[in-house]
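Trainee: I would like to go through this structure and ask what lies behind the terms used for it.
Mentor: Go ahead, and each answer will set a value against its cut-off.

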Amino acid sequence: MIDGFLALYIFMLAAFTGYEIIARVPVILHTPLMSGSNFVHGIVLVGAMIALGHAETPLEMSIGFIGVLLGAGNAAGGYVVTERMLEMFKSSKPDAKAVSKEAK
Amino acid sequence: MIWLPSLIKACYFLAALLFILGLKRMSSPRTARGGIVWAGYGMLVAVLATFFLPDMHNRGLIIAAVLIGVGAAWWSGKRVAMTAMPQMVALYNGMGGGAAAAIGAVELIGYVRHGLLAQGIPDTSPLRPEAWAIDALHPIVTVVALSPIELALGVLGALIGAVSFSGSLIAFSKLQGWLDKRFVFPAQRAVNLLLLAATVVIGILLASGYASYLLIAAFFVLALLFGLMMTLPIGGADMPVVISLYNAFTGLAVAFEGFVLGNETMIIAGTVVGAAGTLLTQLMAKAMNRSIGNVLFGSFGASGAEAQAIDGAQKPIDAADAAVMMAYAERVVIVPGYGMAVAQAQHKVWEFAQLLIKRGVKVKFAIHPVAGRMPGHMNVLLAEAGVPYDLIADMDEINPEFPATDVALVIGANDVVNPLAKTDPASPIYGMPILDVSNAKHVIVVKRGKGTGFAGIENALFYADNTRMLYGDGQAAAGELVSELKSMDA
């Protein structure tokens, strides 16, 4: 188990990290970034696996099973959606140059 | 196998590092695509490592649940249209919240079971009614496995996760159009407050060791109900802010449950998302000129004051005239809104803009910070159609240019161009910064009918002297404009 104060330090540093990452982001990336952070908290899957891995009664096992199911959905869905959004940002880059040259 | 625990710890460390680096890369357009891949590898490493943790049981069940969950989400995520992205984010976010709540539930149930066993009460199957009320009012003295802090954070994480779960599902249903009515009744705020108070009291009881199966069940039912009741009265236009807030909530819940499980990666990833999500929520609320509290508790559009009546009539124009107007204009600004995306008109609109550019017209796209359903959503949709970045301008950049603009073409946008936001203090959107399209010499509004917008507010722009209405579905109207332009060239 983690020492309480150590955890407090982790909380504090991680909170600053999250704040700093978002603070200077252009508006166009807000949606992908929200989706990306949505994927990152899919790490809850790991916790749900641990909970199910230590479940002993049928009730605990069924709740744990639902937890893993939901956590896996969060992680996989978050990844696919974010990747699809960012994919378009990449593909529009070369187009952008070509078109603006055409325009001139 | 003495090295196995260290290897697993190293994997968790690597995962946390990859998450932070991935998010950092996602915050710049050039590296964004690599960012999600990095974070993806982090997730893969963490999940694989977890599978090899010593003394894990039910591995078959775990594999089955992971496969089903990943399969369903992958399939739905690949198929969903770009316009529906916001509600999918809400859905996946709700699943994360539900998973955090489930972890809390398993921990709490295990805690009660161990406690009862330690007191010599043999059969404590929670499915047997007589086990439910046992010791409802006596603290479980023998604390097994969980310290008071862990218990408290576990309960808190479960509460936040459950609220995020049911709330996100409501947000999803609203954006999906399954629930288009706002659910309002008198004394709603008082009822919600009571619900929250009851949930918190039970939570405190649980956290201080007065745990029983009955209390746990009551706790989760109340928490889920509160998430439901809290989200139901919020209008669809405010959903982006709400989704972003629940995203931050889920992050926090994950961090707390990570503390209970002694998993540092969960703490770090959850807290980073919690902090980033909170800031993002504030940015969004600011773009709409409202506070988060106002979004959550102020019943939008239900203000008692009478809104100004609008004189005059909407003046129609047909596609041919509109096309001529723009073809001989010098500067055209296109203002797309969510209506354009719903009609899947962005490709046609871009085709039209390209034709104008070919004729020497200076075309720009103006994007309001909350156009679409999330900040940046409209940029994503235009990027999908292939509109280059340098033609897309944001609000502060384009507003001074409207007086020099010949034609402003508004497609599917409504509240973000409503001048009442500046002139009518009784209007629910009063004070929201808007795109000043009414300053342009001519305004053409493409709109399906004469009704009000998403927020249900009359738009004075539609009645202005320099405004002409081009009625029709966004896709069809843009198609007509394209063919009119082409026939002019022929």
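**Values and cut-offs**

Mentor: Start inside one helix: B:E351 and B:K348 are 3 residues apart in helix α14 (residues 346-358) of chain B, so about one helical turn separates them. The model is a predicted one.

Trainee: What makes B:E351 and B:K348 a salt bridge?
Mentor: The closest N and O atoms of B:E351 and B:K348 are 3.3 Å apart. The cut-off is 4 Å between a side-chain nitrogen of Lys or Arg and a carboxyl oxygen of Asp or Glu, so the pair counts.

Trainee: Why does B:E351 count as partly exposed?
Mentor: Its relative accessibility is 24%. Partly exposed lies between under 20% for buried and over 50% for exposed, so B:E351 falls in that class. B:K348, at 28%, counts as partly exposed too.

Trainee: Which residues are joined into one network by salt bridges that share partners?
Mentor: A:E56, A:E60 and B:R113 are joined in this way.

Trainee: How do you know that A:E56 and B:R113 form a salt bridge?
Mentor: Their closest N and O atoms are 3.4 Å apart, and the cut-off is 4 Å, so the pair is a salt bridge. The pair crosses between chains: A:E56 is in the loop between α3 and α4 of chain A, and B:R113 is in helix α4 (residues 85-118) of chain B.

Trainee: Are these two partners, A:E56 and B:R113, buried or exposed?
Mentor: A:E56 has a relative accessible area of 51%; exposed means over 50%, so A:E56 is exposed. B:R113 has 7%; buried means under 20%, so B:R113 is buried.

Trainee: What makes A:E83 and B:R33 a salt bridge?
Mentor: Their side chains meet at 3.5 Å, N to O, and this is within 4 Å, so the term applies. A:E83 lies in helix α4 of chain A and B:R33 in helix α2 (residues 32-51) of chain B, so the pair joins two chains.

Trainee: Why is A:E83 called buried?
Mentor: A:E83 has 15% relative accessibility, and buried means under 20%, so A:E83 is buried. B:R33 has 21%; that value is between the cut-offs of 20% and 50%, so B:R33 is partly exposed.

Trainee: How many salt bridges does the rule find across the interface of chain A and chain B?
Mentor: There are 3 across that interface, while the structure holds 8 over all chains. The rule also finds 14 residue pairs in polar contact across the interface.

Trainee: Which helices of chain A supply the side that touches chain B?
Mentor: α1 (4-23), α2 (30-40), α3 (44-53) and α4 (58-103) each supply at least two residues. The largest share, 36 residues, comes from α4(A). By type, the residues of this side divide into 51 nonpolar, 25 polar and 7 charged.

Trainee: How many residues of each chain are in contact, and what area is buried?
Mentor: 83 residues of chain A are in contact with 103 residues of chain B. The area buried between the chains is about 8600 Å², and carbon and sulfur atoms give 80% of that area.

Trainee: What pattern does chain A follow along the sequence?
Mentor: The pattern is α-α-α-α, with 4 helices and 0 strands. Of the 104 residues of chain A, 62% count as buried.

Trainee: What is the reach of helix α1 (residues 4-26) of chain B, and what is expected?
Mentor: This helix has 23 residues and reaches 32 Å from its first C-alpha to its last, close to the 33 Å expected at 1.5 Å a residue. Its buried residues include B:L4, B:I8, B:Y12 and B:F19.

Trainee: Why does B:T405 count as buried?
Mentor: B:T405 has 1% relative accessibility, and the cut-off for buried is under 20%, so the term fits. B:T405 is placed in the loop between α16 (395-398) and β4 (407-411) of chain B. A polar atom of the B:T405 side chain lies 2.8 Å from the backbone oxygen of B:E401. Leaving aside neighbours within four places in sequence, B:T405 is in contact with B:R331, B:V332, B:V333, B:A440 and B:K441.

Note on methods. Residues numbered from 1 in each chain as written. Chains lettered and ligands numbered in written order. Predicted model: local features only at pLDDT ≥ 70, side-chain atom pairs only at ≥ 80, totals over all residues. Heavy atoms only, no water. Contact = heavy atoms within 4.5 Å. Buried area = accessible area lost by both parts, 1.4 Å probe. Polar contact = N/O pair within 3.5 Å; in protein donor to acceptor, adjacent residues only side chain to side chain. Nonpolar A, V, L, I, M, F, W, Y, C, P; charged D, E, K, R; others polar. Buried < 20%, exposed > 50% of the residue type's maximum accessible area, 1.4 Å probe, protein only. Expected span 1.5 Å × (residues − 1).
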